[in-house]
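This report goes through one protein model, taking up its backbone, its sheet, its empty spaces and a few individual residues in turn.

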Amino acid sequence: MHPHDALTEIAALLERERSSRYKSKAFRTAAEAIDGMSDEQLRDAATLRRRKGIGDSTFAVIQDALEGRVPGYLIDLRERAGVERTSALRGMLRGDLHSHSEWSDGLTSIDLMADAARALGHEYLALTDHSPRLRVANGLSAERLRAQLEIVAGMSGDGFTLLSGIEVDILAEGGLDQEPVLLRELDVVVASAHSRLRMERGPMTRRLVRAVSSGRVDVLGHVTGRLVEGSRGTRPPSAIDATAVFDACAEHGVAVEINSRPERQDPPDDLIAIALAAGCLFSIDSDAHAPGQLSLLDFGAERAERAGVPPERIVTTWPLAQLREWTGLRR
């Protein structure tokens with residue numbers, strides 16, 4: 001395999017397993033450093049070792065690939081990835097409505113996220129960087145979001161559409177952390193709570209109900225905020241009246257996100273059942289913060305299929321025209 005392909009696949013697999021961002025970034029940086037180099041240039045080991053962005057591990061991968069071997073580092077990652085996850089529902093998904101770029105707390109550029117979505121066969125991907133209140137995630141001010149819109153507008157083509165969007169923070173009283181007029185300009189609005197997740201049940205329920213009843217939200221993101229595994233540790237789900245929240249979602253046509261990140265598995269299975277009974281729509285999303293994490297949809301599709309969610313009630317199985325018609329109801 002070509003060294004560039006080996007480095008890029010390693011980065012993607014590290015991202016998929018949510019490894020250290022510094023590891024995956026090192027391999028993406030090395031791939032960028034050798035982009036466009038000929039095999040002859042790559043075989044000049046002394047010069048290559050001095051090239052900025054090439055370290056010991058990435059140099060070894062390049063040498064293995066040049067010698068016609070699958071790099072050992074890549075073999076180990078492929079083995080760790082385990083058995084390929086498949087479900088009938090995964091093949092029905094046309095896109096993803098929740099992803100992040102380096103404009104907020106994502107790891108890579110917008111164009112790399114779009115390229116990875118194309119490679120997965122997505123018809124569309126919504127770029128939903130964070131809103132300004134989430135400073136720890138470098139949330140986008142209204143000015144920065146408007147600047148991003150100009151870039152997103154020029155990145156569709158060849159059967160793929162990059163949708164403009166935001167993951168807007170749900171404030172403590174249920175308001176949304178962005179200018180209302182600007183929210184209406186976006187293709188997709190995902191609303192999520194990121195702070196004060198231990199609020200009492202009544203106020204937290206009213207908070208979420210107010211947000212999904214605002215007429216500006218398309219998807220309610222990671223509903224309970226729980227964490228069940230991973231480097232950030234665990235966190236219990238927020239206390240909510242799930243029936244009240246999902247009745248509001250159904251009334252206002254807001255999709256309940258089935259967040260595909262293994263550390264979230266949000267909402268829990270019992271809440272998916274309540275949302276089903278309420279008549280809710282669903283959105284299976286990756287919440288990807290790097291290109292390799294877009295494939296985490298595998299996990300969300302498995303959960304939704306196990307829970308018996310009908311494909312026709314999952315908005316990310318819909319073609320783009322139908323999706324736009326649905327989001328257009330709130331624009």
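In which loop is proline 267 found? The model is a predicted one, and in it proline 267 is found in the loop between β6 and α12, the latter spanning 269-278. Aspartate 266 and proline 267 are joined by a cis peptide bond, with an omega of about 0°. Glutamine 265 has its place in the loop between β6 and α12 as well, and this residue has a positive phi of about 45° although it is not a glycine. With a relative accessible area of 29%, glutamine 265 is partly exposed. As background to both features, most residues other than glycine have a negative phi, and most peptide bonds are trans.

Arginine 196, which is not a glycine either, has a positive phi of about 50°. Arginine 196 lies in the loop between β4 (188-192) and α10 (201-212), and is exposed, with a relative accessible area of 57%.

**The sheet**

Seven strands form an open sheet in the order β1-β2-β3-β4-β5-β6-β7, with parallel pairing. Its edge strands are β1 (95-96) and β7 (282-285), each of which pairs on one side only. In general, the strands of a sheet pair through backbone hydrogen bonds, either parallel or antiparallel. Strand β6, made of residues 255-259, runs parallel to β7 and is joined to it by four bridges. Across this pair, asparagine 259 stands opposite aspartate 285 in β7.

**Isoleucine 314**

The place of isoleucine 314 is in the loop between α13 (297-306) and α14 (320-328). Is isoleucine 314 buried or exposed? Its relative accessible area is 0%, so isoleucine 314 is buried. Leaving aside neighbours within four places in sequence, isoleucine 314 is in contact with Leu89, Leu93, Phe282, Ile284 and Val309. The C-alpha atoms of isoleucine 314 and glutamate 257 are separated by 9.4 Å, although the two residues are 57 apart along the chain.

**Pockets and the cavity**

Rolling a probe the size of a water molecule over the atoms shows where empty space is left. The table sets out the volumes and the make-up of the linings.

| Space | Volume | Nonpolar residues | Polar residues | Charged residues |
|---|---|---|---|---|
| Largest pocket | about 800 Å³ | seven | twelve | 13 |
| Second largest pocket | about 510 Å³ | seven | eight | nine |
| Largest cavity | about 40 Å³ | six | three | none |

The largest pocket is lined by 32 residues, and those that lie nearest its centre are Asp105, Arg232, Arg261, Glu263 and His289. The lining of the second largest pocket has 24 residues, with Arg28, Thr29, Thr108, Leu112 and Pro291 lying nearest the centre of that pocket. Two or more residues of this second lining come from each of the elements α1 (3-16), α2 (21-34) and α7 (110-119). Which element gives the most to the lining of the second largest pocket? That element is α2, which gives eight residues.

A search of the whole structure for cavities of 30 Å³ or more finds one. The largest cavity is lined by Ile170, Ala191, Ser192, Ala193, Leu208, Leu220, Gly221, His222 and Val223, and its lining has no charged residues.

**Cysteines**

How many disulfides does the structure hold? The structure holds zero disulfides. Cysteine 249 is in no disulfide, and the nearest cysteine sulfur to its own, that of cysteine 280, is 5.2 Å away. Why is there no bond between cysteine 280 and cysteine 249? The sulfur of cysteine 280 is 5.2 Å from its closest cysteine sulfur, in cysteine 249, and this is too far for a bond because a disulfide needs a pair of cysteine sulfur atoms within 2.5 Å. As for accessibility, cysteine 249 is buried, with a relative accessible area of 0%, and cysteine 280 is likewise buried, with a relative accessible area of 0%.

Terms used
Residues are numbered from 1 along each chain as its sequence is written. This is a predicted model: local features need pLDDT of at least 70, side-chain atom pairs count only at pLDDT 80 or more; totals for chains, interfaces and linings use all residues. Side-chain values use heavy atoms; hydrogens and water are left out. Two strands pair if DSSP finds at least two bridges between them. On a 1 Å grid over the protein atoms alone, a cavity is a set of points where a 1.4 Å probe fits but cannot get out, and a pocket is an open set with protein on both sides within 12 Å along at least five of seven lines; lining residues have an atom within 4 Å of a point. Grid points are joined across faces, edges and corners, and a volume is the space filled by probe spheres set on the points. Ala, Val, Leu, Ile, Met, Phe, Trp, Tyr, Cys and Pro count as nonpolar, Asp, Glu, Lys and Arg as charged, and the others, Gly among them, as polar. Buried means under 20% relative accessible area, exposed over 50%, partly exposed in between (1.4 Å probe, protein chains only). Contact means heavy atoms within 4.5 Å.
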